[in-house]
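Me: I want the reasoning behind the labels in this model. Take me through the calls one at a time.

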2 protein chains.
Amino acid sequence: MARKRATGEKISKEAYEERESALRTQLLACQGDLMDENYPVLIVLNGLDPEPINEVLNAFFEWFDPRYVEPHALHERTAKERKDLFLRRYWQRIPARGRIAIFAGGWILDAYDELHDGDVSLFQFARNLIHIRKFERQLFEAGAHVIKLWIGEEPRLDPDEPSVQMLQQTDWAAAEWAIVDTQHSRNRKLACGELVAESLRHRLDGERTTLEATPLRDRADIESPPRLADVDLSVSLDREEYRAKRKKLQKKLHKLSDACCKKGIPAVFAFEGWDAGGKGGAIRRITQAVDARNWKVVSVAAPTDGEKAYPYLWRFWRHLPQPGTITMFDRTWYGRVLVERVEGFASDHDWQRAYDEIRDLEEQLVETGAALCKFWLHIDRDEQLARFKAREKIPYKQYKITEEDYRNRDKWDAYVEACDEMFARTSTEAAPWTLVAANDKYNARIIVLKTVCDALERALDR
Amino acid sequence: MARKRATGEKISKEAYEERESALRTQLLACQGDLMDENYPVLIVLNGLDPEPINEVLNAFFEWFDPRYVEPHALHERTAKERKDLFLRRYWQRIPARGRIAIFAGGWILDAYDELHDGDVSLFQFARNLIHIRKFERQLFEAGAHVIKLWIGEEPRLDPDEPSVQMLQQTDWAAAEWAIVDTQHSRNRKLACGELVAESLRHRLDGERTTLEATPLRDRADIESPPRLADVDLSVSLDREEYRAKRKKLQKKLHKLSDACCKKGIPAVFAFEGWDAGGKGGAIRRITQAVDARNWKVVSVAAPTDGEKAYPYLWRFWRHLPQPGTITMFDRTWYGRVLVERVEGFASDHDWQRAYDEIRDLEEQLVETGAALCKFWLHIDRDEQLARFKAREKIPYKQYKITEEDYRNRDKWDAYVEACDEMFARTSTEAAPWTLVAANDKYNARIIVLKTVCDALERALDR
């Protein structure tokens, strides 16, 4: 439960100066010690009245060394931000390790404002509180220290009130609330400062709560999730049939993508599959049809050291499409439960929680109105070997084949197991997997084009 | 001089398909080879008619593997961008090494549009062409390969026409123009594609023009630039006097910064000085007075490997203030001609050209209406040693003192020489240095507060 800070009588000027001096020393000492730590700190100042929040924000910048603290006083959401993923502006502002960010306002108050302004339904508000918890969990798992201060009166205890819900649902082990309610400015500033100093010192001393692991669901969300073994790889198209279908579908895609652009609908086309499965070719058949102003392709490689300092999904959030644009991912966030799992780059705990984190990310996309397609381009081992050999003969494709590609072939069965579990745990009604029989490239490209057209059409109809 | 591509008769469909197939192979081969190179490629498609430009842009994305190319089709500048540094959107979009970015439109066309739309005077347009050359030079020096295609009719040869000026002034060794003028779509696409393929192949084969070095000016822009030896370090303020002045100045600064925020005026306060010179304390006296929503502090450390892949000033451009905000730099772009020069981290060629690059950056800031202050906090060696010793006794300040700080003391004289040359070469009317006598902290803080107030006042009056 939220801690409360008893406030008592108005503090005299002299008493304030004495306590403030001690507080400042404590905060600066924490700040110095924090520089040697490999986690970031997020201090969130929330409340319904902006005045006292600004006052406390400014006080923190009198106490801390401002060179190593980032203020994030977020203005009202712009018209564009209102249509966008509401957690984007927080994902973008997660500080680097060893640094402190102070938020005036924040994700929780934003969720409430969205409801208050009529941008979302009560149902979506409730969903957003769940997304917030998943966000805070990911921060927690990445080691971040989150301190949330509610400044002002605690909302009345009618449990149906959204403001009460907001506080209760987000008061949990990963990021507890502390409530500071007083009409005296000096009392308020000291209470906030001392709460933060205590919380930082506890953490620096190595004290930390643990979170229960998110349970792995024992069943899929849909009735019969796909499996690699069930894909019929014998299907094929002849060249003439392919050309005719491709032209028709590309024409359709051109129109649909234009319409989505005009209506501000974003789209994510996520490509996974075996090496040499034909991801590049399939992507090019899409980019040919869409105006170059409206798409980007993100090639996902192993995370850099800089990226590893953030929650795993951070580097994907950076590339999620703005309203009205398409982002294609050549390899995706599923790397966590594929290569990182199979190669042992991620701990069991880390890749197992990824299913839940990924599902949550995709739910947010779909709830914001995005079209979302997830492809696995499936070929068999013989076809892969034939393609490797063929590539080695074409000068401009040689760069695509490395020793590692051959080594990965040895783990084929482990990848099959990881794939089938991934399909089972991340296939949902809203974000289904499309397993593409890709031994025949023509067939693969037509299926991909058709699937993205269907997805854009559905997004336009919503 | 700009190369021109003769266009001749309309190419037949059959001939086109044959040449396109060969072209595509060449482009993909270049793209593959480029991945092993440590420089980026920028392809700029400019012209007065947007239609053929989009057509060519889309053609490039049919030919290249879209996963390793970034399209930058820049929409019209927003109202906010019109008030901002016009090169910002290009600095932000410089691709990483080994990657290709294709711009539909670009810095040169933007400069012309600004004039055309009445946003800038003819004089400022001429200045912007100079900034563009300095930008292209920095790209060149960082190894980038820039290919500029002018698509459409070459502007008439009346030398006074801005459009003629635009092409002539920006047609130079660092980034030559090639002109493609034809009414036939197939001819146009092939000509553009083939020009790019040739240019890439030349570069991949190791051919590169050289640029004449920017001459070091032998005199300062102002009559008597400051020197460290002339600073009178004996000045001091007593505590009472300091407190009274500080309060008054902070109150004034609060008002002025509010006014600048409302009028969209940005400000840059750049802090350099000896270690323990009191930069942090001076910065805090500013942040205390300004609303935390309106400022940020950027602490500059050594560049990371990722940052080294870009032109030197790139990492500072990222942090330049948006209209209406203040950015304080704790250490700055002057690191190039101070620590990097003294420690030998930069070659002579690199730190010597930095004077010119820096002057150009600061000119752009001032021309956009920004308030700009540059401080050197000056103390003597004895005072520095005394502060190091004092810090070691205060637990929360220990993190500020390292072995390196002591080592740097041994190079005091080399730094003095570098400083005086820096003041001489980068003191201008618009961007003067303020050398602050900082043996007395009170005096230093008052001078800093007074200087920033004056600068904001002048910016408001302009």
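Me: Where is B:Arg239 found?
Reply: B:Arg239 is found in helix α9 of chain B. The model is a predicted one.

Me: Why is B:Arg239 called partly exposed?
Reply: Its relative accessible area is 46%. Partly exposed runs between the 20% and 50% cut-offs. The value for B:Arg239 falls in that range, so partly exposed is the label.

Me: What makes B:Arg239 eligible for a surface patch?
Reply: A patch residue needs over 30% relative accessible area and no salt bridge. B:Arg239 has 46%. B:Arg239 gathers with A:Lys13, B:Arg243 and B:Lys247 in a patch of positive charge on the surface.

Me: Which helix gives the most to the positive patch?
Reply: Helix α9 of chain B, residues 239-263, with 3 residues.

Me: Why does B:Trp107 count as buried?
Reply: Buried means under 20% relative accessible area. B:Trp107 has 0%, so buried is the call. B:Trp107 is found in helix α5 of chain B, residues 107-116.

Me: What is B:Trp107 in contact with, leaving aside its neighbours within four places in sequence?
Reply: Its contacts include B:Leu42, B:Val44, B:Phe86, B:Tyr90, B:Ile132 and B:Glu136. Contact here means heavy atoms within 4.5 Å. B:Trp107 and B:Glu136 are 29 residues apart in sequence, and their C-alpha atoms are 10.0 Å apart.

Me: How do you know that B:Glu367 and B:Arg127 form a salt bridge?
Reply: The test is a side-chain nitrogen of Lys or Arg within 4 Å of a carboxyl oxygen of Asp or Glu. For B:Glu367 and B:Arg127, the closest N and O atoms are 2.6 Å apart. That satisfies the cut-off, so the pair is a salt bridge.

Me: What does the pair of B:Glu367 and B:Arg127 tie together?
Reply: Parts that are 240 residues apart in sequence, because B:Glu367 lies in helix α14 (residues 348-367) of chain B and B:Arg127 in helix α6 (residues 122-141) of chain B.

Me: Are B:Glu367 and B:Arg127 buried or partly exposed, and why?
Reply: B:Glu367 has a relative accessible area of 29%, so it is partly exposed. B:Arg127 is at 19%. The buried label needs a value under 20%, so B:Arg127 counts as buried.

Me: What makes B:Lys411 and B:Glu343 a salt bridge?
Reply: Their side chains meet at 2.6 Å, N to O. The limit is 4 Å, so the pair qualifies. The two residues are 68 apart and link distant parts of the chain. B:Lys411 is partly exposed at 32%, and B:Glu343 is partly exposed at 24%.

Me: Why are B:Arg353 and B:Glu357 said to be separated by about one helical turn?
Reply: Because they are 4 residues apart in helix α14 of chain B. Their side chains meet in a salt bridge of 2.5 Å, N to O. B:Arg353 is at 12% relative accessibility and B:Glu357 at 6%. Buried means under 20%, so both labels read buried.

Me: How many salt bridges does the structure hold?
Reply: There are 79 over all chains. In chain A, a network of salt bridges links A:Arg137, A:Glu141, A:Arg336, A:Glu340, A:Asp350, A:Arg353 and A:Glu357.

Me: What share of chain A counts as buried?
Reply: Of its 462 residues, 56% do. Chain A has 18 helices and 11 strands.

Key. Residues are numbered from 1 along each chain as its sequence is written. Chains are lettered from A and ligands numbered from 1 in the order in which they are written. This is a predicted model: local features need pLDDT of at least 70, side-chain atom pairs count only at pLDDT 80 or more; totals for chains, interfaces and linings use all residues. Side-chain values use heavy atoms; hydrogens and water are left out. Patches are made of residues with over 30% relative accessible area and no salt bridge: like charges are joined within 9 Å, nonpolar side chains (Val, Leu, Ile, Met, Phe, Trp, Tyr) within 5 Å. Accessible areas come from the Shrake-Rupley method with a 1.4 Å probe; for residues, only the protein chains shown count as cover. Lys and Arg count as positive and Asp and Glu as negative; His and the chain ends are not counted. The place of a charge is taken as NZ of Lys, CZ of Arg, CG of Asp or CD of Glu. Buried means under 20% relative accessible area, exposed over 50%, partly exposed in between (1.4 Å probe, protein chains only).
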